[in-house]
Amino acid sequence: MFTYLKLKNFKTYKDITINFQNKKDDFKQVIAIYGANGSGKSTIVQAFLTLEKTMGTMQVKDLLMDLLNNKITPPDDIPIKQDLMLEFIKSRLANSTVEKIIDEYKMINSNAPMVLEYGFLINESSGSYFMEFDNSNLIRERLEYKILKNKGCCFNIEEDKVEINSNIFESHEFLEEIKKQIQMYWGKHSFLSILQHEMEEKSAAYINSNISKNLMNVLTAFNSISYKVASNREDGSILASSILTNLEGGVIEKSEEKSLDKVEKVLNSFFVTLFDDVNKAFYHRDEKNGKIRYSLFFNKRIEECNFDIDFRYESSGTQEILDLLPYLMVAITGKCVIIDEFGNGIHDLLAAKLIKAIAKNIKGQLIITTHNTLIMDHSDIKPDALYFIFTEVSGKKVKCVTDIEERLHPNYNYRNRYFNNELYADGLPKNLDVDFSEFSKLYV
């Protein structure tokens, strides 16, 4: 779970530190980030997503080279032209390189390095992961975490210096092999990406016997983060079973039907409670050759009649609620989940009720950006979960309520204070007094 985030020269953020710890120095389980349109909410999510991107560049390198050399070709039965699919895949993979990350995220017209630093807490032990980039390469990478029993520097790598604590590996041979990989690939790829690549290339038994438990805990935690990002930007990821990631429909083995029954029962209870006109939520099932094709349906009251309606025809807001559910459940089970534009397309009351319903059950960490200020009203959302993006003369800042208010009062309505208190003025959209009369004449 994250305890802080530091950014330098990352898109529109010149130099910020966001503290995600509570007064007991533990991580906050719910974090809601507010800001005007274009203020940089999604940029914060992209900063977290950069962690996933940089860890996957070695895998992208292998797949991209195979595609470019035509070692991988789409199957003949794909219903689009193979050459078009290959070009699409190559384009997507080419966007997941260190050079592309720098090009996309480094502050425009800045000659200073781009820096990202993530503070985290894993198994009650604190750590930090640091990356620094120039205009084309990763130029420094450092990980601090528990090595044996105490916190220390696991590795610190720069262009002309490689420092690796030998205790993070179980064998000298593996350490020497990794050093060779660093000489060949580091700079265009991170050390964590190189390790990730080795983990996927080698057997689990080999990796477990060569990488220390503490370092494995870091890699596992970073890989367990789930992201749900705004449409038309990035693809999110979630680690869960095939049914939980395909609630609307899919194909499963017959042996998984009991799991489908359990999911159906939960969805039925959830949607019947949420919507007055839904009598039942259920899966229509077709079984063939030991597999079950399932599709979600609602039985709904329309006037005085009941109809079975394919979920595909439900509103975009209702579909968004279904899309959110797996991520919220993952946060409850103890993982870190990051959601951009939470509640987009969902009625404010429903979105706020969703957060209220799960906030007290979260064992992991839920970080969201949102415009839904009704979330502030719920007693289950503590004031120190609220963060606001401010535009100041010195640059953009992200402040928690505890950084803004000298005293927190249990009777304060922070939604009203956000809109009406002068303390939050720099965090609100500016009033626009615009005369559209001249512009409207262009349409006459």
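This note walks through one open sheet, two helices that lie across it, and a few single residues.

1. **Ground rules.** The model is predicted, so local features need pLDDT of at least 70 and side-chain atom pairs count only at pLDDT 80 or more, while totals for chains, interfaces and linings use all residues. Residues are numbered from 1 along each chain as its sequence is written, and side-chain values use heavy atoms, with hydrogens and water left out.

2. **The sheet.** Start with the strand order. Six strands make an open sheet, running S9-S14-S15-S3-S16-S17. The pairing is mixed. Strands (E, at least two residues) and helices (H or I, at least four residues) are DSSP runs, numbered from the N terminus. Two strands pair if DSSP finds at least two bridges between them. In general, strands of a sheet pair through backbone hydrogen bonds, either parallel or antiparallel.

3. **Edges and twist.** Which strands stand at the edges? They are S9 (226-228) and S17 (395-400). Each has a single partner strand, so one side of each is left without a neighbour in the sheet. From one strand to the next, the twist averages 15 degrees. Such angles run from 0 to 180 degrees between N-to-C directions; the axes are lines fitted to C-alpha atoms, for helices over the stretch in contact.

4. **The S9 edge.** S9 runs parallel to S14 (residues 336-339), and three bridges join the two. Look for Ser-226: its opposite residue in S14 is Val-337.

5. **Strand S3.** Is S3 enclosed or open? Five of its five residues are buried, so S3 is largely enclosed by the rest of the structure. Buried means under 20% relative accessible area, exposed means over 50%, and partly exposed is in between (1.4 Å probe, protein chains only). Val-30, Ala-32 and Tyr-34 point one way, whereas Ile-31 and Ile-33 point the other way.

6. **Partners of S3.** S3 runs parallel to S15, with four bridges. Here Val-30 stands opposite Leu-366 of S15. S3 also pairs with S16 in the parallel sense, over three bridges. Ile-33 faces Tyr-387 in that pairing.

7. **The S16-S17 hairpin.** S16 and S17 form a hairpin, with two residues between them. These strands run antiparallel and are joined by six bridges. Glu-392 is opposite Gly-395 of S17. S16 is mostly covered, with five of its seven residues buried.

8. **Helix H1.** H1 (residues 41-55) lies across S3 (30-34), S9, S14, S15 (365-369), S16 (386-392) and S17. Contact here means heavy atoms within 4.5 Å. H1 runs at about 145 degrees to S9. Of its 15 residues, 14 are buried. H1 has a kink of about 30 degrees, centred on Leu-49. The bend at a residue is the angle between axes fitted to the seven residues ending there and the seven starting there.

9. **Helix H10.** H10 (residues 316-333) lies across S9, S14 and S15, at about 155 degrees to S9. It is mostly covered: 13 of 18 residues are buried. Does its length agree with expectation, and what span should its 18 residues have? At 1.5 Å a residue they should span 26 Å; the end C-alpha atoms are 27 Å apart, which agrees. The expected span is 1.5 Å times one less than the number of residues. There is also a kink of about 30 degrees at Leu-325, shortly before the proline Pro-326.

10. **Either end of H10.** Before the helix, Ser-315 lies in the loop between S13 (305-310) and H10. Ser-315 is partly exposed, at 43% relative accessible area. Its C-alpha atom is 9.3 Å from that of Gly-345, although the two are 30 residues apart along the chain. After the helix comes Gly-334, whose phi is positive, near 120 degrees.

11. **Cysteines.** How many disulfides are there? A disulfide is a pair of cysteine sulfur atoms within 2.5 Å, and by this rule the count is zero. Cys-153 is in no disulfide, as the nearest cysteine sulfur, that of Cys-154, is 6.8 Å away. Cys-153 is partly exposed, at 33% relative accessible area. Cys-400 counts as buried, at 2%.
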